[in-house]
Amino acid sequence: MKAWEYGKLRVSDNRKYLCNGDRPFFWLGDTAWLMFAKLTEEEAAVYLRNRKEKGYTVIQSTLIHEWPQKNRDGANALYKEDYATPDLEGGYWDRVEHMVSMAEELGIYMALLPTWGGNVESGRLHMGNVDAYLDFLLERFGSRPNIIWLAGGDVKGEAAPEVFCHIGKRLKEESDGHLVGFHPFGRTSSSQWFQEEDWLDFNMFQSGHRRYDQVVLGAWDDNGKNPNQYGEDNWRYVQADLAKTPLKPTIDGEPSYEQIVHGLHDNTQPYWQSWDTRRYAYWSVFAGAFGHTFGDNAIMQFFRKDLEKEGAFGVWQDWREALHNIGGMQMGHLKHLMESVDYQNGCAAQNLVTEGDGEAYERIAVFAGKDYIFCYDYTGHPFTLDLESYEGTFDTYWMDPVTGVFSYAGCTEGKQKHTFCPMKRLEGHSDWVLVLKKQEK
């Protein structure tokens with residue numbers, strides 16, 4: 001069954017997760033900002049099936065991203081570059097609808113941005129033309145079952161709060177029960193501007209593409225006045241968002257992409273690798289995020305070596321090659337792990353770690369419920385858990401986040417402390433997931 005056949009996507013009763021009816025929904029997203037601009041329908045079919053078979057449940061894409069917006073065949077999104085008059089003759093919107101239908105057939109949600117945030121910040125989309133554009137979007141997509149709406153688009157809410165709130169409110173009130181979020185600027189969260197807005201169903205933060213030491217680069221995306229400079233600690237955004245009222249679910253909607261340069265702007269910098277993307281995923285989900293969005297540099301911009309001389313942010317792969325990058329393959333292992341337990345009644349449990357939990361990469365991320373404990377160890381160093389609050393015996397496994405394989409390691413008894421020592425890999429990165437599951441009586 002498709003997820004929405006269990007019920008409309010909604011916020012869970014405990015306000016921390018998402019559900020279809022009473023069935024938990026784990027958001028495993030992929031970043032496809034330029035899908036409608038760059039892909040043919042045949043290419044979109046390959047891309048969507050690839051992601052479906054890897055376990056992805058949501059695709060984040062922008063209806064109008066570049067300016068002026070055209071698709072692969074040169075069809076315009078807008079007539080005379082005015083949001084009030086979408087171009088209905090050239091085939092741009094027909095192709096968009098076909099791609100949304102492809103996703104629907106595969107059971108995938110489309111998280112759609114009506115426009116990239118820069119087009120609002122620049123004044124191209126404004127209070128004078130936004131209603132005509134929203135009327136069009138609501139007519140074309142408002143009743144589709146696989147839609148999630150995202151206002152914003154790599155922008156601060158303060159850039160145009162009246163417009164963003166108007167977009168969010170109309171999409172919330174006039175769509176067929178679709179959830180609405182806001183994709184923010186780098187190293188910020190939607191909660192900074194819209195936490196108390198009724199139209200905002202969930203928070204989204206962009207932990208971004210910078211290292212701990214890249215707070216200020218003298219680039220367009222500097223955010224030096226932001227009080228929440230967490231560096232690579234994306235789990236801190238989850239922690240901060242879940243401490244706010246009213247309580248709303250939260251997710252990392254844009255962490256560092258696989259195969260993008262550290263900091264975006266200097267192509268001599270190293271590239272973020274598969275183990276970095278795993279770290280962002282496990283850190284945020286084990287902190288209590290309702291899912292995670294993955295991104296790949298070549299795929300988010302659908303770079304084609306045979307059609308483009310140069311792409312953005314140091315891209316070196318054709319997107320058709322990047323479809324098979326290992327980081328993108330490994331996200332589904334986290335989804336399967338979470339879905340193997342009652343994760344929506346679990347929570348972050350750092351208090352269980354008595355030794356070995358450190359700063360930055362030395363963090364041991366812990367998520368636990370009444371009958372399971374998960375620990376993500378990025379560097380593969382020993383750590384100690386205090387299981388005094390747990391009774392009974394746990395089956396113990398080391399899960400390899402690279403392959404998803406569970407390796408049985410014996411039993412662990414509750415009511416005492418235990419030290420765990422991950423194995424060192426002969427090659428590659430040494431991150432592991434400790435999995436404790438209570439034995440049934």
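**Exercise 1. Find Leu18 and describe its surroundings.**

Let's start with the element: Leu18 lies in strand 2, which covers residues 18-20. Keep in mind as you go that this is a predicted model.

Next, check how much of the residue is open to the outside. Leu18 has 0% relative accessibility, and buried means under 20%, so Leu18 counts as buried.

Now look at who sits around Leu18. Skipping residues up to four places away in sequence, Leu18 touches Leu9, Arg10, Val11, Ser12, Pro24, Phe25, Trp27, Leu179, Pro249, Phe290 and Gln344.

Last step: pick Lys438 and compare sequence with space. Leu18 and Lys438 are 420 residues apart in sequence, and their C-alpha atoms are 25 Å apart.

**Exercise 2. Work out where Arg15 lies and what its phi is.**

Go to the loop between strand 1 (9-11) and strand 2, and you'll find Arg15 there.

Then read off the backbone angle: phi of Arg15 is positive, about 70°, although Arg15 is not a glycine. Why stop at that? Because most residues other than glycine have a negative phi.

Finally, test the exposure. Arg15 has a relative accessible area of 37%, which falls between the 20% and 50% cut-offs, so Arg15 is partly exposed.

**Exercise 3. Compare Gly153 with Asp154 in strand 7.**

First, place them. Gly153 is found in strand 7, residues 147-155, and Asp154 lies in strand 7 as well.

Second, check burial for each. Gly153 counts as buried at 0% relative accessibility. Asp154 also counts as buried, with a value of 16%.

Third, look at the backbone of Asp154: its phi is near 55°, which is positive in a residue other than glycine.

Fourth, list the company of Gly153. Leaving out neighbours within four places in sequence, Gly153 is in contact with Leu113, Trp116, Gly117, Gly118 and His183.

Fifth, try a partner further along the chain. Gly153 and Asp357 are 204 residues apart in sequence, with 35 Å between their C-alpha atoms.

**Exercise 4. Locate the peptide bonds that lead into Pro68 and Pro246, and say whether each is cis or trans.**

Begin with Pro68, in the loop between strand 5 (58-62) and helix 3 (92-106). The bond that joins Trp67 and Pro68 has an omega of about -10°, and it is cis.

Move on to Pro246, in the loop between helix 8 (235-242) and strand 11 (250-252). The bond from Thr245 to Pro246 has omega near -5°, and this one is cis too.

For background, most peptide bonds are trans.

**Exercise 5. Is His381 buried or exposed, and what does it contact?**

Step one is the position: His381 sits in the loop between strand 16 (372-377) and strand 17 (383-386).

Step two is the accessibility. The value for His381 is 14%, under the 20% limit, so His381 counts as buried.

Step three is the contacts. Apart from neighbours within four places in sequence, His381 is in contact with Gly356, Glu362, Ile364 and Pro422.

Step four is a distance: His381 and Arg363 are 18 residues apart in sequence and 9.9 Å apart in space, C-alpha to C-alpha.

**Exercise 6. Split the protein chain into its domains and see how they meet.**

The chain divides into domain 1 (3-343) and domain 2 (349-438). Between them, the contact takes 23 residues from domain 1 and 23 residues from domain 2. Taken over C-alpha atoms, the centres of the two domains are 31 Å apart.

**Exercise 7. Sum up the whole protein chain: its elements, its size and its surface.**

Count the elements to start: there are 12 helices and 21 strands.

For size, the C-alpha atoms fill a box of roughly 70 × 45 × 45 Å along the principal axes. A compact globule of 441 residues would have a radius of gyration near 22 Å, and the protein chain agrees, with 22 Å.

For burial, 60% of the 441 residues count as buried. The chain exposes about 17,300 Å², and carbon and sulfur atoms supply 49% of that.

Now the contacts: of those between residues at least 6 apart in sequence, 70% join residues at least 24 apart.

Wrap up with charge. The chain has 45 positive and 66 negative charges, and the mean positions of the two groups are 1 Å apart.

Conventions
Residues are numbered from 1 along each chain as its sequence is written. This is a predicted model: local features need pLDDT of at least 70, side-chain atom pairs count only at pLDDT 80 or more; totals for chains, interfaces and linings use all residues. Side-chain values use heavy atoms; hydrogens and water are left out. Helices (H or I, at least four residues) and strands (E, at least two) are DSSP runs, numbered from the N terminus. The radius of gyration is taken over C-alpha atoms; the globule rule is 2.2 Å times the number of residues to the power 0.38. Buried means under 20% relative accessible area, exposed over 50%, partly exposed in between (1.4 Å probe, protein chains only). Contact means heavy atoms within 4.5 Å. Accessible areas come from the Shrake-Rupley method with a 1.4 Å probe; for residues, only the protein chains shown count as cover. Lys and Arg count as positive and Asp and Glu as negative; His and the chain ends are not counted. The place of a charge is taken as NZ of Lys, CZ of Arg, CG of Asp or CD of Glu. Domain bounds come from an automatic or database domain assignment.
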